[in-house]
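User: Hi! I would like to learn how the descriptive words used for a protein model are justified. Could you take me through this one step by step?

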Amino acid sequence: MLIELKDTTKIYNQGKPNEVTALSDVSLRIEEQTMICLQGASGSGKSTLLAIMGCVFPPTSGSAAIAGKQLSRMPDRFLTIHRRETIGFIFQQFNLLPRLSVLDNITLPLLPLGISPPERKARARKLMEHLSISHRESFPAGQISGGEMQRVAIARALINNQPIILADEPTAHLDSRLSMEFMQIMADLKKEGKTIIIASHDTLVSEHPAIDKIINIKDGRIHVP
Amino acid sequence: MAMIPKGLEKQLNTLDFALSSLWRRKLKNLGIMMVFSLVIFLLGSFQMLTGALTSSADAVLENTPEITIQKMSAGRQEAIPQTYIKKLNSIYGIRAIIPRVWGYYFDESTLANFTVLALDHNAMPNGSKLNLTLSDGHFPKKTETGTAVLGGSVQDILELGDRRVFSLFRPDLSLKSFQVVGIFSKQTDLLTNDLIVMNVDDARDLFAIPTSHVTDLCVYVANPTEIETIAKKIAGLLPDTRVLTKSQIQKTYQVVFSWRSGFASICLLTALVAFAILAWDKASGLSPEEKREIGILKILGWETGDILAVRFWESTLVSALAFIIGCTAAYIHVAFFDASLLKPVMVGWSVIHPPFKLLPTVTLADLLLIFTFSVLPYLGATVIPAWRCSTVPPDSAIR
Amino acid sequence: MRPSHRLFIFLLLLIFLDGALYLHAKHLGNILKDDRAVQTIAVAGLGLTDLCVATEARYTRHPAVSDPMAPFMDHPGAIEHFPTGSFWQAPANSFIR
């Protein structure tokens with residue numbers, strides 16, 4: 001079991017007047033090589049769930065095991081190390097550094113790992129070729145098209161060969177053709193053995209044949225219609 | 001290629017990233033570095049130039065007169081009566097008292113100030129070797145009236161060329177002419193550039209000083225350890241005089257160029273104001289762009305320490321490079337260009353410009369002083385606010 | 001070439017330059033040693049007290065033997081008006097009385 005949450009609860013600002021319970025008693029299991037669609041209105045706790053599955057912070061109570069490690073009470077530093085080995089992120093607005101070249105953006109997660117420049121380049125080139133963006137290698141990431149940015153973001157999420165990919169509203173700023181293209185790449189990645197979790201409202205995502213399961217979040221709980 | 005250990009490779013990666021992120025904002029960062037180098041250059045030049053002069057003074061002024069007696073009246077120095085010499089006869093231990101006539105001659109056509117000096121040099125220590133300080137000629141003998149030895153610049157300013165005769169005005173505007181019998185060597189320019197040395201009688205004639213008076217008295221004692229005691233005795237005997245000892249004269253140059261002098265204070269103040277502005281700019285917080293970048297790096301698996309290391313490298317590189325470049329430029333400025341940017345301030349309206357041959361002194365203490373006034377405030381102003389980056393939560397990128 | 005290597009090369013150049021300047025300083029020091037021997041004779045033989053750097057005012061031409069209050073001598077309200085006065089600090093008034 002790759003992701004296993006049990007009675008996971010997250011409370012922000014605990015003990016303060018502005019206390020907010022974002023997630024309460026969520027339990028779910030996600031197996032390897034599956035593709036999950038996470039749905040829920042804004043404020044439903046969807047982002048919080050994504051953050052816990054992405055090892056960004058531990059739950060307030062309950063357990064969360066990601067790739068065989070318990071997050072609860074894990075110190076920040078180990079959380080970071082676990083995150084970079086396990087999770088690849090794709091963000092809504094891709095979150096590339098616009099002045100950095102495409103190559104440098106893709107290899108960004110490898111710098112703190114002490115990986116030498118030739119190896120970084122080799123790994124990135126392989127991915128760029130795979131995603132057909134090799135011709136943009138030395139372009140600043142701010143000067144390429146939306147579709148290309150999206151591929152750069154995907155390449156960055158794969159560079160450390162992480163088993164899990166988390167995508168937060170990845171198609172929100174893409175037209176339907178690019179959205180379909182994105183889902184196709186995700187489907188291919190799933191075939192290669194990745195586990196993919198996509199938070200999205202887009203029916204192009206939720207109705208894609210490669211999606212194994214749709215999880216609905218409402219008011220911090222898993223909603224079963 | 002040889003294997004580089006992972007830890008070092010990581011440091012190199014961090015350094016690479018810091019360099020490339022400096023380069024991405026090259027206009028701003030190079031600008032800061034230029035201003036920064038300039039400030040250090042200015043401070044460094046000042047310190048090296050004054051240090052060079054101070055150390056020259058130290059090395060050269062060890063044989064300055066042991067005791068100098070000047071008569072004071074109404075807060076001014078005035079001519080001292082020759083009869084004072086006799087009053088000192090009662091003090092035991094005085095080896096020689098040499099009366100001197102000296103003063104300034106203002107040349108109205110060139111606006112230059114010359115120092116006219118007259119004394120019986122044969123009575124002075126090393127007086128017999130004095131001709132070694134001339135590039136040609138000899139010092140005026142007592143019998144040679146109307147002769148003079150000129151400093152390098154005096155000869156130039158009077159436009160003598162090959163001529164050997166020049167004239168100076170007496171106070172009543174009558175002309176007194178002199179025959180040049182010697183020219184000081186270029187080697188002594190630092191001391192003798194504006195000097196006109198002549199016989200005592202000629203100087204009296206030129207300045208219209210009565211034979212009963214001289215300008216000051218140089219006193220030499222038999223036992224150098226007695227200088228202070230004898231000076232005190234002289235001061236007691238001649239209450240209307242000011243008595244200067246050798247050690248006081250030597251001390252002058254240890255304090256005459258200091259950070260408290262007006263020019264240096266302005267330099268330092270400028271530097272501090274520059275850094276105050278910089279610090280204010282930096283301390284006012286991270287820009288949204290910086291915050292976004294930090295959030296992204298954090299969620300991609302950079303630890304807070306990694307991001308701080310990048311910041312640290314950025315500031316260190318800018319300030320350390322500026323420090324090295326500024327100090328190197330300062331040395332070159334002082335050693336090869338005669339400190340030509342500071343010289344005008346230093347010599348003011350002087351018409352006679354000293355042809356410096358200066359060895360810039362670079363001491364560890366000076367470098368540390370400049371370092372404390374420049375690099376440390378910059379590091380403080382940039383690295384400490386970077387702690388704020390640890391307040392950017394990693395999930396800011398997915399919210 | 002990676003940026004850090006470029007930096008190292010630049011630093012190496014600076015070290016090389018500074019090394020050359022150090023050698024220059026040594027060389028200049030030797031030349032000055034000869035000059036200073038001659039200068040010492042001039043100081044002793046003529047009873048000189050000061051370096052000839054600024055010649056515009058007596059308190060900067062001969063700071064060692066002129067009064068610290070020299071700028072005020074012309075009249076009681078006279079303020080410092082020579083530029084060199086800002087560069088040269090008045091010597092400590094420590095003569096023996």
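Analyst: Happy to! Keep in mind that this is a predicted model. A good place to begin is chain A, where six strands form an open sheet of mixed pairing, in the order β6-β7-β8-β3-β9-β10.

User: What makes β6 and β10 of chain A edge strands?

Analyst: Look at their partners: β6 (87-90) and β10 (221-223) of chain A each have a single partner strand, so one side of each has no neighbour in the sheet. From one strand to the next, the twist averages 25°.

User: How do you know that β3 and β9 of chain A pair?

Analyst: Count the bridges. Two strands pair if there are at least two bridges between them, and β3 (residues 35-39) and β9 (residues 213-218) of chain A are joined by four. These two strands run parallel. For one residue of the pairing, A:Gln39 has A:Asn216 in β9(A) as its bridge partner.

User: Which strands make up the open sheet of four strands in chain A?

Analyst: Its order is β2-β1-β4-β5, with antiparallel pairing. Here β2 (20-30) and β5 (69-70) of chain A stand at the edges, because each has a single partner strand and so lacks a neighbour on one side.

User: What makes β1 and β4 of chain A a pair?

Analyst: The cut-off of at least two bridges applies again. Strand β1 (residues 3-12) and strand β4 (residues 61-66) of chain A have five bridges, in the antiparallel sense. A:Thr9, for instance, has A:Ser61 in β4(A) as its bridge partner.

User: Why is chain A called as compact as a globular protein of its length?

Analyst: Set two values side by side. The radius of gyration of chain A is 18 Å, and the globule rule gives 17 Å for 225 residues; the values are close, so the description fits. Chain A has seven helices and 10 strands, and its C-alpha atoms fill a box of roughly 50 × 40 × 35 Å along the principal axes.

User: Why is α1(B) called roughly perpendicular to α1(C)?

Analyst: The axes of α1(B) and helix α1 (residues 3-46) of chain C cross at roughly 85° and come within 8 Å. Angles of 65 to 115 degrees count as roughly perpendicular, and that is why the term applies to α1(B) and α1(C). On the α1(B) side, the contact is made by B:Leu12, B:Leu15, B:Asp16, B:Leu19 and B:Ser20, and on the α1(C) side by C:Pro3, C:Ser4 and C:Leu7. These residues divide into five nonpolar, two polar and one charged.

User: How many residues do chains B and C bring to their contact?

Analyst: Chain C has 54 residues in contact with 77 of chain B. On the side of chain C, α1(C) gives the most, with 23 residues. That side divides into 32 nonpolar, 13 polar and nine charged residues.

User: What about chains A and B?

Analyst: Their contact takes 22 residues from chain B and 21 residues from chain A. The largest share of the chain B side, eight residues, comes from α1(B). Nine residues of that side are nonpolar, four polar and nine charged.

User: Which domains does chain B have, and how far apart are their centres?

Analyst: The domain assignment gives domain 1 (8-59 + 257-397) and domain 2 (94-221). Over C-alpha atoms, 49 Å separate the centres of these two domains of chain B. Still, five residues of domain 1 are in contact with nine residues of domain 2 in chain B. The domain 1 side of that contact has four nonpolar residues, one polar and no charged.

Methods: Residues are numbered from 1 along each chain as its sequence is written. Chains are lettered from A and ligands numbered from 1 in the order in which they are written. This is a predicted model: local features need pLDDT of at least 70, side-chain atom pairs count only at pLDDT 80 or more; totals for chains, interfaces and linings use all residues. Two residues are in contact if their C-beta atoms, placed from the backbone, lie within 7 Å. Ala, Val, Leu, Ile, Met, Phe, Trp, Tyr, Cys and Pro count as nonpolar, Asp, Glu, Lys and Arg as charged, and the others, Gly among them, as polar. Domain bounds come from an automatic or database domain assignment. Axes are lines fitted to C-alpha atoms, for helices over the stretch in contact, and angles run from 0 to 180 degrees between N-to-C directions. Angles under 35 degrees count as roughly parallel, over 145 as roughly antiparallel, 65 to 115 as roughly perpendicular and the rest as oblique. The radius of gyration is taken over C-alpha atoms; the globule rule is 2.2 Å times the number of residues to the power 0.38.
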